[in-house]
Amino acid sequence: MTQRREDLEFLHHLEKTDLLDLVRRLKEKKGVSVRELKDLSSAHDKILLPLEIFAGDCSPLEAVVVYLKEHRWLPYHKIAVLLQRDDRTIWSTYDHVRRTKKRLPLDCARNASGIRIPLDLFRKRTLSIFEALVSYLRKRHGLHFREIADLLHRDQRTIWTIDYRSRQKGGRNR
């Protein structure tokens with residue numbers, strides 16, 4: 001079991017009184033203010049995905065679900081809430097990946113490109129996950145079709161088509 005997993009399990013099993021005591025001790029001994037604790041708490045809520053997860057055999061939705069399930073250890077319901085999708089959709093997506101033995105790229109956790117994708121980008125259902133991803137990479141990072149295609153291991157024409165569809169839906173203005 002990894003250290004991160006052990007830490008998460010430890011925190012998960014703490015009682016409310018233990019957490020309150022921990023917060024009180026942080027305030028007293030380390031001088032941590034309530035504002036700093038709130039900032040830390042809200043920063044933890046923002047999940048950033050490494051771009052490399054989208055470069056494998058999985059569809060974009062499958063890649064997000066597998067990453068959140070296997071690398072962030074989130075339950076199906078939490079993933080469904082974060083993506084604003086039905087629990088059954090998340091379960092069937094993950095089950096399909098397991099049955100077909102698809103895998104994320106081995107280097108997905110390294111984040112070699114340095115590009116992190118905010119999970120809340122996929123909450124809006126007006127664009128598909130792939131359309132939102134391509135639109136984000138073009139708009140926020142100024143990448144060209146060829147660069148996106150190389151990063152995602154897809155054909156440049158596929159990226160152009162996805163971008164065209166997102167613009168047709170009004171994705172450029174979002």
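In what order do the elements of the chain run from the N terminus on? They run α-α-α-β-α-α-α-β-α-α-α, which amounts to nine helices and two strands, where helices (H or I, at least four residues) and strands (E, at least two) are DSSP runs numbered from the N terminus. Please keep in mind that this is a predicted model, in which local features need pLDDT of at least 70 and side-chain atom pairs count only at pLDDT 80 or more, while totals for chains, interfaces and linings use all residues. Residues are numbered from 1 along each chain as its sequence is written, and side-chain values use heavy atoms, with hydrogens and water left out.

Let me turn to the core. The largest nonpolar core, a set of buried (under 20% relative accessible area, 1.4 Å probe, protein chains only) Ala, Val, Leu, Ile, Met, Phe, Trp, Tyr and Cys residues joined through side-chain atoms within 4.5 Å, has 40 residues, and those with the most contacts inside it are Leu 49, Phe 54, Ile 117 and Phe 122. Helix H7 (129-141) is among the helices that each supply at least two residues of this core, and H7 gives the most, with seven. Leaving aside neighbours within four places in sequence, Leu 49 is in contact (heavy atoms within 4.5 Å) with residues including Phe 54, Val 64, Leu 68, Ile 117 and Phe 122.

Now one helix pair. Helix H4 (residues 60-70) and helix H6 (residues 87-100) pack at about 90°, with their axes, lines fitted to C-alpha atoms over the stretch in contact, 9 Å apart, and are therefore roughly perpendicular (65 to 115 degrees). Val 65 and Val 66 are among the H4 residues that meet H6, where Ile 90 and Tyr 94 are among the partners.

Definitions and conventions
Axes are lines fitted to C-alpha atoms, for helices over the stretch in contact, and angles run from 0 to 180 degrees between N-to-C directions. Angles under 35 degrees count as roughly parallel, over 145 as roughly antiparallel, 65 to 115 as roughly perpendicular and the rest as oblique. Buried means under 20% relative accessible area, exposed over 50%, partly exposed in between (1.4 Å probe, protein chains only).
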